[in-house]
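Here's a quick look at how this chain is put together. We'll start with a sheet, then move on to the domains and the place where two of them meet.

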Amino acid sequence: MTAVKIGVIGAGTVAGGVFHVLLRNQAEITRRAGCKLHIVAVSSRTRSKIDNLLTTLNANDVEVVADPFAVVRNPNIEVVCELIGGTTLARELVLEAIAHGKHVVTANKALLAVHGNEIFAKAREKGVIVAFEAAVAGGIPIIKAVREGLSANRIQWVSGIINGTTNFILSEMRSKGLDFGTVLAEAQRLGYAEADPTFDVEGVDAAHKLTLLSAIAFGIPVQFDKAYTEGITKLTAQDIRYAEELGYRIKLLGITRRHPEGVELRVHPTLIPSKRLIANVEGAMNAVLVKGDAVGATLYYGAGAGAEPTASAVVADLVDVTRLLNADPSHRVPSLAFQHDALDNAPILPISEVHTAYYLRIRVADQPGVLADITRILADQQISLDAVLQKEAELFEPASQGVAQTDLILLTHQTQEKLMNAALEKIQALSSVLAPVTRIRMEELN
Ligand SMILES: NC(=O)c1ccc[n+]([C@@H]2O[C@H](COP(=O)([O-])OP(=O)(O)OC[C@H]3O[C@@H](n4cnc5c(N)ncnc54)[C@H](O)[C@@H]3O)[C@@H](O)[C@H]2O)c1
Ligand SMILES: N[C@@H](CCO)C(=O)O
Ligand code: NA
(Lines give C-alpha, C1' and ligand atoms only; values in the text may rest on other atoms or scores of the structure.)
(Ligands and ions follow the chains in the order given, each with its own letter.)
Protein backbone atom coordinates (compact mmCIF):
# COMPACT_ATOMS: atom_id res chain seq x y z
CA MET A 1 0.00 0.00 0.00
CA THR A 2 1.50 3.33 -1.01
CA ALA A 3 -1.20 5.65 0.31
CA VAL A 4 -4.26 5.51 2.54
CA LYS A 5 -7.14 7.44 0.99
CA ILE A 6 -8.93 9.89 3.23
CA GLY A 7 -12.12 11.89 2.73
CA VAL A 8 -12.71 14.98 4.83
CA ILE A 9 -16.19 16.29 5.61
CA GLY A 10 -16.29 19.97 6.52
CA ALA A 11 -13.93 22.77 5.67
CA GLY A 12 -13.83 24.96 8.77
CA THR A 13 -11.27 25.71 11.48
CA VAL A 14 -10.23 22.14 12.31
CA ALA A 15 -10.33 20.89 8.70
CA GLY A 16 -8.08 23.82 7.69
CA GLY A 17 -5.67 22.81 10.46
CA VAL A 18 -5.67 19.19 9.25
CA PHE A 19 -4.77 20.23 5.69
CA HIS A 20 -1.96 22.47 6.94
CA VAL A 21 -0.45 19.95 9.38
CA LEU A 22 -0.77 16.93 7.11
CA LEU A 23 0.78 18.64 4.11
CA ARG A 24 3.49 20.48 6.03
CA ASN A 25 4.64 17.34 7.88
CA GLN A 26 3.84 14.87 5.11
CA ALA A 27 7.30 13.28 4.94
CA GLU A 28 7.63 12.88 8.71
CA ILE A 29 4.09 11.50 9.02
CA THR A 30 4.70 8.99 6.19
CA ARG A 31 7.81 7.72 7.98
CA ARG A 32 5.68 7.14 11.08
CA ALA A 33 2.58 5.69 9.42
CA GLY A 34 4.38 3.47 6.92
CA CYS A 35 2.55 4.96 3.97
CA LYS A 36 1.31 8.32 2.73
CA LEU A 37 -1.87 9.81 4.19
CA HIS A 38 -3.61 11.17 1.11
CA ILE A 39 -6.70 13.36 1.31
CA VAL A 40 -8.48 12.57 -1.93
CA ALA A 41 -11.72 14.52 -1.36
CA VAL A 42 -13.20 17.20 0.85
CA SER A 43 -16.83 18.19 1.16
CA SER A 44 -17.53 21.86 1.62
CA ARG A 45 -20.75 23.84 1.52
CA THR A 46 -18.98 26.74 -0.15
CA ARG A 47 -16.12 26.76 -2.67
CA SER A 48 -14.04 29.88 -2.46
CA LYS A 49 -12.41 29.39 0.95
CA ILE A 50 -11.48 25.75 0.39
CA ASP A 51 -10.30 26.47 -3.15
CA ASN A 52 -8.01 29.19 -1.81
CA LEU A 53 -6.66 26.90 0.88
CA LEU A 54 -5.94 24.08 -1.54
CA THR A 55 -4.27 26.47 -3.98
CA THR A 56 -2.14 27.94 -1.18
CA LEU A 57 -1.10 24.45 -0.10
CA ASN A 58 -0.57 23.33 -3.69
CA ALA A 59 -3.03 20.49 -3.05
CA ASN A 60 -4.69 20.53 -6.44
CA ASP A 61 -5.31 16.78 -6.49
CA VAL A 62 -7.98 17.07 -3.76
CA GLU A 63 -11.49 16.81 -5.17
CA VAL A 64 -13.94 19.33 -3.69
CA VAL A 65 -17.55 18.13 -3.51
CA ALA A 66 -20.68 19.78 -2.18
CA ASP A 67 -22.48 16.63 -1.01
CA PRO A 68 -20.90 15.06 2.11
CA PHE A 69 -22.62 11.74 1.31
CA ALA A 70 -20.51 11.61 -1.87
CA VAL A 71 -17.49 11.34 0.44
CA VAL A 72 -18.82 8.65 2.78
CA ARG A 73 -20.06 6.54 -0.16
CA ASN A 74 -16.95 7.02 -2.30
CA PRO A 75 -15.58 3.47 -2.83
CA ASN A 76 -12.10 4.88 -3.24
CA ILE A 77 -12.04 6.32 0.30
CA GLU A 78 -10.90 4.19 3.26
CA VAL A 79 -11.04 6.69 6.12
CA VAL A 80 -13.62 9.44 6.66
CA CYS A 81 -12.68 12.44 8.75
CA GLU A 82 -15.87 14.05 10.14
CA LEU A 83 -15.28 17.72 10.94
CA ILE A 84 -18.66 19.40 10.52
CA GLY A 85 -19.88 19.13 14.14
CA GLY A 86 -23.47 18.74 15.34
CA THR A 87 -25.41 15.60 16.13
CA THR A 88 -27.93 15.17 13.30
CA LEU A 89 -26.24 15.22 9.90
CA ALA A 90 -22.93 14.16 11.48
CA ARG A 91 -24.63 11.06 12.96
CA GLU A 92 -26.14 10.11 9.59
CA LEU A 93 -22.80 10.60 7.84
CA VAL A 94 -20.78 8.66 10.41
CA LEU A 95 -23.26 5.75 10.43
CA GLU A 96 -23.29 5.76 6.62
CA ALA A 97 -19.48 5.75 6.53
CA ILE A 98 -19.41 2.81 8.96
CA ALA A 99 -22.06 0.98 6.93
CA HIS A 100 -19.79 1.40 3.91
CA GLY A 101 -16.93 -0.20 5.89
CA LYS A 102 -14.94 2.98 6.35
CA HIS A 103 -12.96 3.93 9.43
CA VAL A 104 -13.93 7.25 10.99
CA VAL A 105 -11.87 9.94 12.68
CA THR A 106 -13.89 12.67 14.36
CA ALA A 107 -13.38 15.73 16.57
CA ASN A 108 -17.07 15.75 17.42
CA LYS A 109 -17.58 15.29 21.16
CA ALA A 110 -21.27 16.26 21.01
CA LEU A 111 -21.92 13.44 18.54
CA LEU A 112 -20.11 10.79 20.60
CA ALA A 113 -21.41 11.96 23.98
CA VAL A 114 -24.98 11.72 22.71
CA HIS A 115 -24.84 8.87 20.14
CA GLY A 116 -21.55 7.17 21.07
CA ASN A 117 -23.07 3.90 22.31
CA GLU A 118 -24.88 3.43 19.00
CA ILE A 119 -21.92 4.50 16.87
CA PHE A 120 -19.34 2.35 18.68
CA ALA A 121 -21.67 -0.68 18.49
CA LYS A 122 -22.16 -0.25 14.72
CA ALA A 123 -18.42 0.23 14.22
CA ARG A 124 -17.72 -2.98 16.12
CA GLU A 125 -20.25 -4.90 14.02
CA LYS A 126 -18.53 -3.69 10.85
CA GLY A 127 -14.99 -4.13 12.20
CA VAL A 128 -14.06 -0.46 11.71
CA ILE A 129 -12.43 2.09 13.99
CA VAL A 130 -14.04 5.29 15.28
CA ALA A 131 -11.16 7.41 16.62
CA PHE A 132 -11.82 10.57 18.62
CA GLU A 133 -8.66 11.96 20.23
CA ALA A 134 -9.47 15.47 19.01
CA ALA A 135 -12.88 15.37 20.68
CA VAL A 136 -11.47 15.71 24.22
CA ALA A 137 -9.00 18.40 25.27
CA GLY A 138 -7.98 19.16 21.67
CA GLY A 139 -4.30 18.47 21.11
CA ILE A 140 -3.64 16.80 24.49
CA PRO A 141 -3.40 13.05 23.86
CA ILE A 142 -5.68 12.35 26.83
CA ILE A 143 -7.72 9.59 25.21
CA LYS A 144 -4.58 7.64 24.43
CA ALA A 145 -3.14 8.31 27.89
CA VAL A 146 -6.22 7.09 29.76
CA ARG A 147 -7.17 4.28 27.39
CA GLU A 148 -3.69 2.85 26.92
CA GLY A 149 -1.09 4.46 29.18
CA LEU A 150 -3.07 3.99 32.42
CA SER A 151 -4.61 0.60 31.66
CA ALA A 152 -2.96 -1.00 34.71
CA ASN A 153 -4.82 1.31 37.08
CA ARG A 154 -8.11 1.37 38.82
CA ILE A 155 -8.84 5.00 37.99
CA GLN A 156 -10.34 6.87 40.95
CA TRP A 157 -11.18 10.24 39.47
CA VAL A 158 -10.62 12.52 36.51
CA SER A 159 -10.90 16.25 36.80
CA GLY A 160 -10.08 18.88 34.25
CA ILE A 161 -10.32 22.18 32.50
CA ILE A 162 -11.67 20.82 29.24
CA ASN A 163 -13.19 23.85 27.56
CA GLY A 164 -10.77 26.36 26.10
CA THR A 165 -13.33 29.09 25.43
CA THR A 166 -14.52 29.38 29.03
CA ASN A 167 -11.01 29.14 30.43
CA PHE A 168 -10.00 31.93 28.06
CA ILE A 169 -12.98 34.02 29.21
CA LEU A 170 -12.30 33.48 32.93
CA SER A 171 -8.57 34.21 32.48
CA GLU A 172 -9.14 37.42 30.58
CA MET A 173 -11.87 38.60 32.99
CA ARG A 174 -9.58 37.99 35.96
CA SER A 175 -6.28 39.28 34.61
CA LYS A 176 -7.45 42.14 32.35
CA GLY A 177 -10.78 43.02 33.90
CA LEU A 178 -12.44 42.58 30.49
CA ASP A 179 -16.15 41.91 30.32
CA PHE A 180 -17.67 38.55 29.40
CA GLY A 181 -19.08 39.53 25.98
CA THR A 182 -15.86 41.11 24.71
CA VAL A 183 -13.79 38.05 25.58
CA LEU A 184 -16.33 35.61 24.15
CA ALA A 185 -16.26 37.49 20.82
CA GLU A 186 -12.45 37.22 20.81
CA ALA A 187 -12.63 33.46 21.54
CA GLN A 188 -14.98 33.11 18.56
CA ARG A 189 -12.62 35.12 16.35
CA LEU A 190 -9.73 32.86 17.37
CA GLY A 191 -11.69 29.72 16.38
CA TYR A 192 -12.00 28.31 19.92
CA ALA A 193 -15.77 28.50 20.35
CA GLU A 194 -18.39 26.03 19.18
CA ALA A 195 -20.69 26.99 16.29
CA ASP A 196 -23.24 27.71 19.05
CA PRO A 197 -21.14 29.27 21.83
CA THR A 198 -23.83 28.61 24.45
CA PHE A 199 -22.44 25.04 24.37
CA ASP A 200 -19.18 26.50 25.70
CA VAL A 201 -20.43 29.05 28.22
CA GLU A 202 -23.21 26.85 29.65
CA GLY A 203 -20.81 23.96 30.26
CA VAL A 204 -22.39 21.63 27.69
CA ASP A 205 -19.22 21.17 25.64
CA ALA A 206 -17.23 20.35 28.79
CA ALA A 207 -19.96 17.88 29.82
CA HIS A 208 -19.74 16.20 26.39
CA LYS A 209 -16.00 15.72 26.88
CA LEU A 210 -16.34 14.66 30.51
CA THR A 211 -18.90 12.04 29.50
CA LEU A 212 -16.32 10.51 27.15
CA LEU A 213 -13.55 10.70 29.76
CA SER A 214 -15.79 9.08 32.37
CA ALA A 215 -16.64 6.24 29.99
CA ILE A 216 -13.01 5.42 29.18
CA ALA A 217 -11.82 5.90 32.77
CA PHE A 218 -14.38 3.63 34.42
CA GLY A 219 -15.57 1.37 31.60
CA ILE A 220 -19.17 2.61 31.58
CA PRO A 221 -21.41 3.51 28.61
CA VAL A 222 -21.57 7.18 27.55
CA GLN A 223 -24.38 8.85 29.52
CA PHE A 224 -24.38 12.55 28.69
CA ASP A 225 -28.06 12.86 29.63
CA LYS A 226 -27.15 12.14 33.28
CA ALA A 227 -24.34 14.71 33.56
CA TYR A 228 -24.84 17.71 35.85
CA THR A 229 -24.02 20.82 33.84
CA GLU A 230 -23.61 24.40 35.05
CA GLY A 231 -21.79 27.06 33.02
CA ILE A 232 -20.04 30.33 33.76
CA THR A 233 -22.71 32.83 32.72
CA LYS A 234 -23.81 33.60 36.28
CA LEU A 235 -20.29 34.17 37.62
CA THR A 236 -19.57 37.76 38.57
CA ALA A 237 -16.30 39.69 38.52
CA GLN A 238 -16.93 40.21 42.25
CA ASP A 239 -16.83 36.45 42.98
CA ILE A 240 -13.68 36.05 40.89
CA ARG A 241 -12.10 38.85 42.99
CA TYR A 242 -13.28 37.51 46.37
CA ALA A 243 -12.03 34.02 45.46
CA GLU A 244 -8.65 35.55 44.63
CA GLU A 245 -8.54 37.32 48.00
CA LEU A 246 -9.19 34.01 49.73
CA GLY A 247 -6.41 32.25 47.80
CA TYR A 248 -8.51 30.55 45.13
CA ARG A 249 -9.10 30.69 41.36
CA ILE A 250 -12.42 29.92 39.76
CA LYS A 251 -12.26 27.45 36.87
CA LEU A 252 -14.95 25.63 34.91
CA LEU A 253 -14.10 22.09 35.97
CA GLY A 254 -15.34 18.72 34.79
CA ILE A 255 -15.19 16.15 37.58
CA THR A 256 -15.93 12.44 37.38
CA ARG A 257 -15.27 10.25 40.39
CA ARG A 258 -16.04 6.65 41.20
CA HIS A 259 -17.70 5.58 44.47
CA PRO A 260 -19.02 2.19 45.54
CA GLU A 261 -22.57 3.51 45.03
CA GLY A 262 -22.03 5.13 41.63
CA VAL A 263 -20.18 7.68 39.50
CA GLU A 264 -20.12 11.47 39.84
CA LEU A 265 -20.37 13.28 36.49
CA ARG A 266 -20.47 17.03 36.92
CA VAL A 267 -19.35 20.26 35.26
CA HIS A 268 -19.54 23.55 37.16
CA PRO A 269 -17.49 26.60 38.13
CA THR A 270 -15.16 25.52 40.92
CA LEU A 271 -12.90 27.28 43.42
CA ILE A 272 -9.46 25.65 43.36
CA PRO A 273 -6.56 26.68 45.65
CA SER A 274 -4.36 29.10 43.67
CA LYS A 275 -1.27 27.08 44.53
CA ARG A 276 -2.46 24.07 42.51
CA LEU A 277 -0.90 23.78 39.04
CA ILE A 278 -4.31 23.39 37.45
CA ALA A 279 -5.47 26.70 38.97
CA ASN A 280 -2.75 28.41 36.92
CA VAL A 281 -3.83 27.04 33.55
CA GLU A 282 -4.71 30.15 31.56
CA GLY A 283 -6.21 31.15 28.22
CA ALA A 284 -7.47 28.43 25.90
CA MET A 285 -5.13 25.89 27.46
CA ASN A 286 -6.65 22.73 28.95
CA ALA A 287 -5.40 20.50 31.75
CA VAL A 288 -6.66 17.13 32.92
CA LEU A 289 -5.79 15.45 36.21
CA VAL A 290 -6.22 11.70 36.34
CA LYS A 291 -5.81 9.81 39.62
CA GLY A 292 -5.05 6.11 39.36
CA ASP A 293 -4.52 3.76 42.29
CA ALA A 294 -1.08 2.66 41.09
CA VAL A 295 0.30 5.73 39.36
CA GLY A 296 -1.17 8.36 41.70
CA ALA A 297 -2.15 11.75 40.28
CA THR A 298 -1.06 12.54 36.72
CA LEU A 299 -1.51 15.85 34.92
CA TYR A 300 -1.86 16.46 31.18
CA TYR A 301 -1.58 20.01 29.85
CA GLY A 302 -1.78 21.59 26.41
CA ALA A 303 -3.83 23.50 23.89
CA GLY A 304 -7.47 22.46 24.15
CA ALA A 305 -8.78 24.33 21.14
CA GLY A 306 -7.69 25.98 17.92
CA ALA A 307 -6.96 24.80 14.39
CA GLU A 308 -3.53 23.18 14.53
CA PRO A 309 -3.60 21.81 18.11
CA THR A 310 -6.86 20.04 17.28
CA ALA A 311 -5.47 18.94 13.91
CA SER A 312 -2.52 17.43 15.79
CA ALA A 313 -4.94 14.99 17.44
CA VAL A 314 -6.94 14.35 14.25
CA VAL A 315 -3.80 13.52 12.27
CA ALA A 316 -2.45 11.33 15.10
CA ASP A 317 -5.69 9.32 14.87
CA LEU A 318 -5.27 9.10 11.08
CA VAL A 319 -1.78 7.67 11.65
CA ASP A 320 -3.14 5.17 14.20
CA VAL A 321 -5.89 4.05 11.83
CA THR A 322 -3.37 3.69 8.99
CA ARG A 323 -1.09 1.52 11.13
CA LEU A 324 -4.04 -0.70 12.07
CA LEU A 325 -5.66 -0.99 8.65
CA ASN A 326 -4.57 -4.57 8.18
CA ALA A 327 -4.79 -5.61 11.83
CA ASP A 328 -7.41 -8.05 13.04
CA PRO A 329 -10.19 -5.93 14.65
CA SER A 330 -9.96 -8.02 17.82
CA HIS A 331 -6.41 -6.76 18.31
CA ARG A 332 -7.47 -3.10 18.42
CA VAL A 333 -7.83 -1.00 21.55
CA PRO A 334 -11.56 -1.01 22.42
CA SER A 335 -13.30 2.32 21.70
CA LEU A 336 -14.20 2.84 25.39
CA ALA A 337 -10.96 1.31 26.71
CA PHE A 338 -12.75 -1.71 28.22
CA GLN A 339 -13.97 -4.73 26.26
CA HIS A 340 -17.48 -3.95 25.00
CA ASP A 341 -18.98 -6.92 26.87
CA ALA A 342 -17.27 -5.90 30.11
CA LEU A 343 -18.80 -2.48 30.62
CA ASP A 344 -20.00 -1.64 34.13
CA ASN A 345 -23.56 -0.57 34.88
CA ALA A 346 -22.64 1.66 37.84
CA PRO A 347 -25.28 4.41 38.08
CA ILE A 348 -24.45 8.08 37.58
CA LEU A 349 -25.11 9.81 40.90
CA PRO A 350 -27.50 12.79 40.96
CA ILE A 351 -25.79 16.03 42.01
CA SER A 352 -27.80 16.00 45.26
CA GLU A 353 -25.75 12.98 46.39
CA VAL A 354 -22.35 14.56 45.70
CA HIS A 355 -20.07 15.66 48.56
CA THR A 356 -18.10 18.87 48.12
CA ALA A 357 -17.13 22.08 49.93
CA TYR A 358 -18.80 25.40 49.11
CA TYR A 359 -18.13 29.11 48.71
CA LEU A 360 -21.25 31.09 49.65
CA ARG A 361 -21.69 34.81 49.05
CA ILE A 362 -24.66 36.18 50.95
CA ARG A 363 -25.79 39.78 50.60
CA VAL A 364 -27.25 40.72 54.01
CA ALA A 365 -28.50 43.71 55.98
CA ASP A 366 -25.58 44.83 58.16
CA GLN A 367 -27.24 44.30 61.54
CA PRO A 368 -26.57 42.22 64.69
CA GLY A 369 -27.39 38.50 64.70
CA VAL A 370 -27.39 37.91 60.94
CA LEU A 371 -24.24 35.81 60.88
CA ALA A 372 -25.46 33.85 63.92
CA ASP A 373 -28.78 33.06 62.17
CA ILE A 374 -26.93 31.79 59.09
CA THR A 375 -24.39 29.68 60.96
CA ARG A 376 -27.18 28.15 63.07
CA ILE A 377 -29.01 27.03 59.92
CA LEU A 378 -25.80 25.53 58.53
CA ALA A 379 -25.04 23.80 61.86
CA ASP A 380 -28.55 22.31 61.88
CA GLN A 381 -27.60 20.56 58.60
CA GLN A 382 -24.24 19.42 60.12
CA ILE A 383 -22.39 21.84 57.81
CA SER A 384 -19.25 23.28 59.39
CA LEU A 385 -17.42 26.41 58.36
CA ASP A 386 -13.82 26.71 57.25
CA ALA A 387 -13.65 30.50 56.90
CA VAL A 388 -15.88 33.58 57.16
CA LEU A 389 -15.14 36.91 55.55
CA GLN A 390 -17.23 40.04 55.92
CA LYS A 391 -16.79 42.73 53.32
CA GLU A 392 -17.08 46.38 54.19
CA ALA A 393 -20.61 47.65 54.63
CA GLU A 394 -22.06 49.88 51.95
CA LEU A 395 -25.34 51.71 51.68
CA PHE A 396 -28.36 50.64 49.71
CA GLU A 397 -29.55 52.90 46.94
CA PRO A 398 -31.75 55.74 48.29
CA ALA A 399 -34.89 53.78 47.33
CA SER A 400 -33.94 51.26 50.00
CA GLN A 401 -34.01 53.82 52.80
CA GLY A 402 -30.30 53.93 53.45
CA VAL A 403 -30.04 50.46 55.03
CA ALA A 404 -26.43 49.32 55.34
CA GLN A 405 -25.69 46.05 53.58
CA THR A 406 -22.69 43.79 53.41
CA ASP A 407 -21.46 40.63 51.73
CA LEU A 408 -20.76 37.62 53.92
CA ILE A 409 -18.41 35.13 52.30
CA LEU A 410 -18.51 31.69 53.88
CA LEU A 411 -16.29 28.75 52.99
CA THR A 412 -17.69 25.45 54.24
CA HIS A 413 -16.14 22.06 54.84
CA GLN A 414 -17.34 19.18 52.69
CA THR A 415 -21.00 18.34 52.92
CA GLN A 416 -23.59 16.61 50.81
CA GLU A 417 -25.28 18.79 48.20
CA LYS A 418 -28.79 17.93 49.42
CA LEU A 419 -27.90 19.17 52.92
CA MET A 420 -26.56 22.38 51.44
CA ASN A 421 -29.74 22.77 49.36
CA ALA A 422 -31.86 22.42 52.51
CA ALA A 423 -29.72 24.98 54.37
CA LEU A 424 -29.77 27.45 51.46
CA GLU A 425 -33.54 27.31 51.25
CA LYS A 426 -33.76 28.44 54.88
CA ILE A 427 -31.00 31.03 54.58
CA GLN A 428 -32.65 32.51 51.51
CA ALA A 429 -35.91 32.89 53.46
CA LEU A 430 -34.32 35.05 56.20
CA SER A 431 -35.57 38.65 56.02
CA SER A 432 -31.99 39.88 56.52
CA VAL A 433 -30.83 38.11 53.32
CA LEU A 434 -31.28 40.67 50.58
CA ALA A 435 -30.39 38.88 47.33
CA PRO A 436 -30.16 35.37 45.89
CA VAL A 437 -27.29 33.53 47.57
CA THR A 438 -24.32 32.74 45.33
CA ARG A 439 -23.05 29.18 45.77
CA ILE A 440 -19.88 27.93 44.07
CA ARG A 441 -18.48 24.46 44.71
CA MET A 442 -14.88 24.02 45.87
CA GLU A 443 -12.40 21.19 45.28
CA GLU A 444 -8.99 20.51 46.80
CA LEU A 445 -8.00 18.08 43.99
CA ASN A 446 -5.66 15.95 46.02
N1 LIG B 1 -12.40 24.65 16.83
C2 LIG B 1 -11.82 23.93 17.76
O3 LIG B 1 -10.90 24.38 18.44
C4 LIG B 1 -12.25 22.51 17.97
C5 LIG B 1 -11.48 21.71 18.82
C6 LIG B 1 -11.85 20.38 19.05
C7 LIG B 1 -12.96 19.87 18.42
N8 LIG B 1 -13.70 20.67 17.60
C9 LIG B 1 -14.83 20.07 16.91
O10 LIG B 1 -14.50 19.94 15.55
C11 LIG B 1 -15.66 20.03 14.74
C12 LIG B 1 -15.50 21.16 13.73
O13 LIG B 1 -15.28 22.35 14.45
P14 LIG B 1 -14.74 23.67 13.71
O15 LIG B 1 -14.30 24.56 14.79
O16 LIG B 1 -13.84 23.31 12.60
O17 LIG B 1 -16.11 24.23 13.14
P18 LIG B 1 -16.33 25.24 11.93
O19 LIG B 1 -17.67 25.83 12.11
O20 LIG B 1 -15.16 26.13 11.76
O21 LIG B 1 -16.34 24.26 10.68
C22 LIG B 1 -17.39 23.39 10.41
C23 LIG B 1 -17.42 23.13 8.92
O24 LIG B 1 -18.45 22.19 8.64
C25 LIG B 1 -19.23 22.71 7.59
N26 LIG B 1 -20.60 22.24 7.73
C27 LIG B 1 -21.44 22.47 8.77
N28 LIG B 1 -22.62 21.90 8.53
C29 LIG B 1 -22.52 21.33 7.31
C30 LIG B 1 -23.39 20.62 6.49
N31 LIG B 1 -24.66 20.42 6.87
N32 LIG B 1 -22.95 20.15 5.28
C33 LIG B 1 -21.68 20.36 4.90
N34 LIG B 1 -20.78 21.07 5.63
C35 LIG B 1 -21.22 21.53 6.81
C36 LIG B 1 -19.17 24.21 7.73
O37 LIG B 1 -19.50 24.84 6.51
C38 LIG B 1 -17.70 24.39 8.08
O39 LIG B 1 -16.92 24.33 6.93
C40 LIG B 1 -16.80 20.23 15.73
O41 LIG B 1 -17.34 18.96 16.05
C42 LIG B 1 -16.13 20.82 16.95
O43 LIG B 1 -16.82 20.56 18.14
C44 LIG B 1 -13.36 21.96 17.36
N1 LIG C 1 -15.18 24.97 21.84
C2 LIG C 1 -14.24 24.03 22.34
C3 LIG C 1 -13.32 23.57 21.24
C4 LIG C 1 -12.39 22.45 21.66
O5 LIG C 1 -13.10 21.27 21.88
C6 LIG C 1 -13.43 24.69 23.45
O7 LIG C 1 -13.49 25.91 23.59
O8 LIG C 1 -12.76 23.98 24.19
NA1 NA D 1 -7.22 15.07 22.84
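## The sheet

Keep in mind that this is a predicted model. It has an open sheet of 6 strands, with parallel pairing and the order 3-2-1-4-5-6. At the edges sit strand 3 (63–65) and strand 6 (130–131), each of which pairs on one side only.

Zoom in on one edge: strand 2 (residues 36–43) runs parallel to strand 3, and 3 bridges join the two. If you want a spot to look at there, Ala 41 stands opposite Glu 63 in strand 3.

## The domains

The domain assignment splits the chain into domain 1 (3–139 + 308–342), domain 2 (142–304) and domain 3 (355–442). Between the C-alpha centres of domain 1 and domain 2 there are 26 Å. Their contact takes 23 residues from domain 1 and 26 residues from domain 2.

## Where domains 1 and 2 meet

Together, domain 1 and domain 2 bury about 2,100 Å², with 66% of it on carbon and sulfur atoms. On the domain 1 side, Lys 109, Ala 113 and Val 136 supply 26% of the area buried against domain 2, more than any other three residues.

There's polar chemistry here too: 3 salt bridges are counted between the two domains, and 10 residue pairs are in polar contact. Lys 109 turns up again, in a salt bridge with Asp 205 whose closest N and O atoms are 3.3 Å apart.

Which helices each supply at least two residues of the domain 1 side? They are helix 6 (109–126) and helix 13 (307–324). Helix 6 gives the largest share, 7 residues. By type, the residues on this side of domain 1 come out as 14 nonpolar, 6 polar and 3 charged.

Key
Residues are numbered from 1 along each chain as its sequence is written. Chains are lettered from A and ligands numbered from 1 in the order in which they are written. This is a predicted model: local features need pLDDT of at least 70, side-chain atom pairs count only at pLDDT 80 or more; totals for chains, interfaces and linings use all residues. Side-chain values use heavy atoms; hydrogens and water are left out. Two strands pair if DSSP finds at least two bridges between them. Helices (H or I, at least four residues) and strands (E, at least two) are DSSP runs, numbered from the N terminus. Domain bounds come from an automatic or database domain assignment. Contact means heavy atoms within 4.5 Å. Buried area is the accessible area (1.4 Å probe) that two parts lose on being put together, summed over both. A salt bridge is a side-chain nitrogen of Lys or Arg within 4 Å of a carboxyl oxygen of Asp or Glu. A polar contact is a pair of N or O atoms within 3.5 Å; within protein, one must be able to donate a hydrogen and the other to accept it, and residues adjacent in sequence count only if both atoms are side-chain atoms. Ala, Val, Leu, Ile, Met, Phe, Trp, Tyr, Cys and Pro count as nonpolar, Asp, Glu, Lys and Arg as charged, and the others, Gly among them, as polar.
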